[in-house]
Structures are given as C-alpha cells and as structure tokens.
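Okay, everyone, thanks for coming. Let me put the structure up on the screen, and then I'll walk you through a few parts of it.

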Amino acid sequence: MRELTITDVRPMPGDSGFLIDDGKTSILYDTGFAFTGDTLAMNVKKLLGDRKLDYIFLTHSHYDHALGVPYVKKYYPDAVVVAGEYASKIFEKPSAKDTMRRLDRGFAKKCGVYEYEDLVDFLSVDISVKDGDKVRAGDMTFTAIDLPGHTRCSVGFYLEENKLLLNTETLGVYFGNNNILPICLVSYKMSMDSFKKAEKLDIENMLVPHYGLLDKEETKFFIENSENVLRKTAEHVRDLFNEGKSEKEVLKFFEDNFYTDVIRPAYPIDAFLLNTGIMIDVIRREFVENK
C-alpha cells in the first residue's frame, strides 16, 4: 500500500477540493468554484511549497467542482487536467461555460463576493478518459470508472494498490455522522447501474466530494447503505405521488425531513431545493410514469 497524504484544501464547506500526495506526485481532486479558485490554489501552494502540482482530476462538469481549474492553473500552468470524455466535451461548449459562469456568480453574491477575475473561458482538459482507462500519475496508476447518474459525465478514479476510490456524487453525498444524501439528477437506472459497477471494486477507503476521506469503518457503512438510501428515497417519492401529493408538496417534505442541521452548513438551501426538485422529477418519470 502506498503512503498517501490527503488534505482538505477547500476555502469553504460547499466547495470541493482535496490534495492527494505520495511525496513525489501531487493530485488535486476537484477544484471548487471560480470565486474561490485563487484561495484554493493558495491553500495548495502552502502545502506543496516549492513543489509543483502535477495533476488535477475532475469528477464531473458541475461548476462547484470544475470552475477552479483556470485559477489553479495560474499558479501551476503545467498541471495536467484529467476528466471524463463527456465532461471534456461539455467544457468545449461556450453555452455550457456561460451557464457555469452564471451559477458561480449567483452563488458568489450569496456569499458576499461581488468581484473576482473571470477565467471561465480558459477551462479546458488535457487528458480525456473513458471507462477502464489507466491514468499514470508518477508511481500511481488510477483506473477511470464511469459512474453516471448524478450527471452523465460523472467519473471516479480507482487506485487499486490502496483500495482507494476517488468517488463521485452519483453514489451519494456524505455529510458525516452516517448521513448520506442521494443526488440523482439524470437517471435512477444509471445510478443503480453505477452502484453495481462500484460494488465489483475492492474498496477499503473512499475520498468523497464535499466531505473528504472516509476511514475503513465509514467506507464500509457508505458501501453498505448508500444504494439502499437511493432506493428507499425513490420508493418514498413514488408513494407520495401515488397518494396524490403534488411535486411542490413532495419537495416540501424533503426540505422538512432531510435538510437537517448536519447538512445545512455545507449545502446552500437554493442548491438543495434545485437538486432535490430535479431528482424528484427524475424519479417520478422512471418510477411513476413509466412503471
């Protein structure tokens, strides 16, 4: 097993960015927002000192995971950006970047940030990977694992020698204290298929977005419960619609019962309502209308 140091470099709880370092090669796993990108880069610099940042691995194309890339690249222009093929194509679309820019600016204002350098147009990928591709990072070899469901472009990275999965939100978002929240934004079936794929891996530890490294006990809990959390959530949504509840009523139920004190600090309410509304619609299409 390789000795790794994994450090949280996020400037704020809603961000996603963790530095993986084996002493020779460093990898930034996600880069967070645009408006926190400079601060995240400086956090990396404090850890690496005079060493370079070698790689940036992106889990998917959402603005809170990927928009920090060009800001980090200001400080580390030679860092190699790795992302799934689907995400790479999204980043090539000016319309997609405009949407990401708008969402980032909107959230920045909610955080009291009104002015920051706009580098969104410089977001790009150096290496596009597909399912099963090997990514050699120094002495470490990761396998790219397509895990669609949260988005179509979600991809994890598996380091077999450490039995470590760099996870994606398709398999659920962990908030600590055994709190797992499903965020299925594209397809329930895709998500369940991704769970089956992940179950075939020998995993002892996970690095999860927005939270950090899970130890063996937390990883075991996550693996044993995350799929069931999504399944039970889908069944509950189905039952509420079958009882005649409106989408607004179902959304209010989720806010009242799932938006807890544990989740609230790391998950802005507008993002929670938006993502939950999308997930409810996905589940309704696949569980109710197409039953």
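Let's start with one residue: is Tyr-76 buried or exposed? Keep in mind as we look that this is a predicted model. So, Tyr-76 is buried, because its relative accessible area is 5%, and the cut-off for buried is under 20%. You'll find Tyr-76 in the loop between helix H3, residues 69–75, and strand S5.

What does Tyr-76 touch, if we don't count residues up to four places away in sequence? The list is Ala-41, Val-44, Lys-45, Leu-48, Arg-51, Lys-52 and Leu-53. Take Lys-45 from that list: in sequence, Lys-45 and Tyr-76 are 31 residues apart, yet from C-alpha to C-alpha the distance is 9.3 Å.

Now to helix H1, which covers residues 37–48. H1 lies across S1, S2 and S3, and runs at about 25 degrees to S2. Those strands belong to an open sheet of six, in the order S1-S2-S3-S4-S5-S6, with mixed pairing. At the edges sit S1 (5–8) and S6 (127–129), each of them pairing on one side only. On average, neighbouring strands in this sheet are turned by 20 degrees against each other, ignoring direction.

Let me zoom in on one pair here. S4, residues 55–57, and S5, residues 80–84, are parallel, with three bridges between them. If you want a spot to click on, Ile-56 has Val-81 of S5 as its bridge partner.

There's another open sheet to show you, also with six strands and mixed pairing, and its order is S7-S8-S9-S10-S13-S14. Its edge strands are S7 (134–137) and S14 (212–214), each pairing on one side only. Neighbouring strands are turned by 25 degrees on average here, again with direction ignored. Within this sheet, S9 (155–159) and S10 (164–166) run antiparallel and are joined by three bridges. Look for Tyr-158, which stands opposite Leu-165 in S10.

Last stop: how do helices H6 and H7 pack? H6 is residues 188–199, H7 is residues 216–242, and their axes are 10 Å apart at an angle of about 160 degrees. That means the two are roughly antiparallel, since angles over 145 count that way. The crossing of H6 past H7 is left-handed. On the H6 side, the contact includes Met-192 and Phe-195, and on the H7 side, Leu-230 and Ala-234 are among the residues involved. Sorted by class, the contact has five nonpolar, two polar and three charged residues.

Key:
Residues numbered from 1 in each chain as written. Predicted model: local features only at pLDDT ≥ 70, side-chain atom pairs only at ≥ 80, totals over all residues. Heavy atoms only, no water. Pairing = 2+ DSSP bridges. Helix = DSSP H or I, 4+ residues; strand = E, 2+ residues; numbered from the N terminus. Axes fitted to C-alpha atoms, helices over the stretch in contact; angles between N-to-C directions. Contact = heavy atoms within 4.5 Å. Buried < 20%, exposed > 50% of the residue type's maximum accessible area, 1.4 Å probe, protein only. Parallel < 35°, antiparallel > 145°, perpendicular 65-115°, else oblique. Left-handed = near helix turned anticlockwise from the far one by under 90°. Nonpolar A, V, L, I, M, F, W, Y, C, P; charged D, E, K, R; others polar.
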